[in-house]
Amino acid sequence: MAYIEPAPIKDKENPLESMMERFNIAAEKLGLSDEVYNVLKNPAKQVIVSLPITMDDGKIRVFEGIRVIHSNILGPAKGGIRFAPDVHLDEVRALAAWMTWKCAVVDIPYGGGKGGVRCNPREMSKGEIERLMRAYTLAMIDVFGPDKDIPAPDMGTGPREMAWLMDEYSKAHGMTVNAVVTGKPLVLGGSLGRTEATGRGVMVTALSAMQKLKINPFQATCAVQGFGNVGSWAAQLLEERGLKVVAISDISGAYHNDNGINILEAISYRDSNNGTLEGYKGAEKLSDPMELLELDVDVLVPAAVEDVITIKNVDKIKAKLIVEGANGPTSAKADAIINEKGIMAVPDILANAGGVTVSYFEWVQNRLGYKWTAERVNRRSDRIMKDAFDNVYQASVKYNVPMRIAAYIVAIDKVAKTYTFRGGF
């Protein structure tokens, strides 16, 4: 499975307000000045372009392309490109800002960026998608750059599209420029360790949290909702480190076995069964897939979609620890109840940041012209994720706030201090 940079909460009404709600709480705790608050609140650059494309039937269609650079205070902007029918400016602005905080949490020298094209790639041919990606790249030729703005895959795009972007950008500059984009195929300068990066980050932060909660991984149980790239890798890596994974789920349903599920066997079954767990015999299928969230386990990893832990089911959550592999799996109202119940929740902004960490490694390798081994990539990403967890945990204790707000505090404090040291703009 291709690596895709995880995106944050997708509030269909206004994602910008979702991001700003947490930003405002953290900014108040930090006592940000009005100057710094307003600089960090507003995007540095917003570009909207029209992209006329010749379709396979010979007709011309015009698509809207967006790129937002929220911040370049820490370094070049970093963030994915999504091809989706509901892409709009507020969504892209929110995603760009969220990437700023995410990179700052894991102490990577990037600002935040995000891009999108309003289209439906499921209804387009390979040739139409290629022409659209190349047109988008040319329209953003002065925005993108290894030292300015480094895109990556997101919803509706993958390594194939990043290869086209790299090629178009390289042709315009008369030389091969690998470092302009991450998430590329391995043969074009992609990084080893990319595929498992996000799930691996979930594992590292889960173990770090268990250490704080004094939960012995060799005596702990775990349920993983979602068995795609993030969920299956998180389940496999947690199982390797002693946890008994008693429940997994995908679009076909949820599967439970008190004695533990053999994760490698489940992955093998899924891969040989058109990518689904339908008919899996290694566990009993639950009548309601959402029951997985309410199982009496030590660790719960929601790694599927947003808003699965809500005001309707939060009272039934029995896990001692929630580690958010998915983007925004916990609603804001449920968040407050989780905190009241004393459940530690490692937020998505931290837990799934392993992906952007390995994106950074890909960029570094491209700049060096030297490839790292998978062992080196994993060792270094593990260290970054553990250090990030420790910093957020310390902020949580210092400010007496939940881990989610602490993550924003760590991120905003880093960007604000850097802005101040640079003397403003």
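**Exercise 1.** Which backbone oxygen does the side chain of Asn229 reach?

*Solution.* Welcome to this predicted model! Start at Asn229, which has its place in helix 7, residues 229-240. Now follow its side chain: the side chain of Asn229 reaches the backbone oxygen of Thr195, at 3.1 Å.

**Exercise 2.** Decide whether Asn229 and Thr198 are buried or exposed.

*Solution.* Begin with the cut-off: a residue is buried when its relative accessible area is under 20%. For Asn229 the value is 14%, so Asn229 counts as buried. Next, find Thr198 in helix 6, residues 197-213. Its relative accessible area is 1%, so Thr198 is buried as well.

**Exercise 3.** Find out why the two positions that UniProt lists for "binding site" gather at one spot.

*Solution.* First, take the names from the record: an unreviewed UniProt entry lists Thr198 and Asn229 under "binding site". They span 32 residues in sequence, yet their C-alpha atoms are no more than 8.3 Å apart, so they gather at one spot.

**Exercise 4.** Trace the open sheet of seven strands and name its edge strands.

*Solution.* Step across the sheet in the order 9-8-7-6-10-11-12; the pairing is mixed. At the edges you meet strand 9 (284-285) and strand 12 (344-346), each of which pairs on one side only.

Then look at one pair inside this order. Strand 6 (residues 221-225) and strand 7 (residues 244-250) run parallel, and five bridges join them. To see a bridge partner for yourself, pick Gln225: its partner in strand 7 is Ser249.

Technical notes. Residues are numbered from 1 along each chain as its sequence is written. This is a predicted model: local features need pLDDT of at least 70, side-chain atom pairs count only at pLDDT 80 or more; totals for chains, interfaces and linings use all residues. Side-chain values use heavy atoms; hydrogens and water are left out. Two strands pair if DSSP finds at least two bridges between them. Helices (H or I, at least four residues) and strands (E, at least two) are DSSP runs, numbered from the N terminus. UniProt positions are given in the numbering used here, feature names are shortened, and annotations may be inferred rather than shown by experiment. Buried means under 20% relative accessible area, exposed over 50%, partly exposed in between (1.4 Å probe, protein chains only). A polar contact is a pair of N or O atoms within 3.5 Å; within protein, one must be able to donate a hydrogen and the other to accept it, and residues adjacent in sequence count only if both atoms are side-chain atoms.
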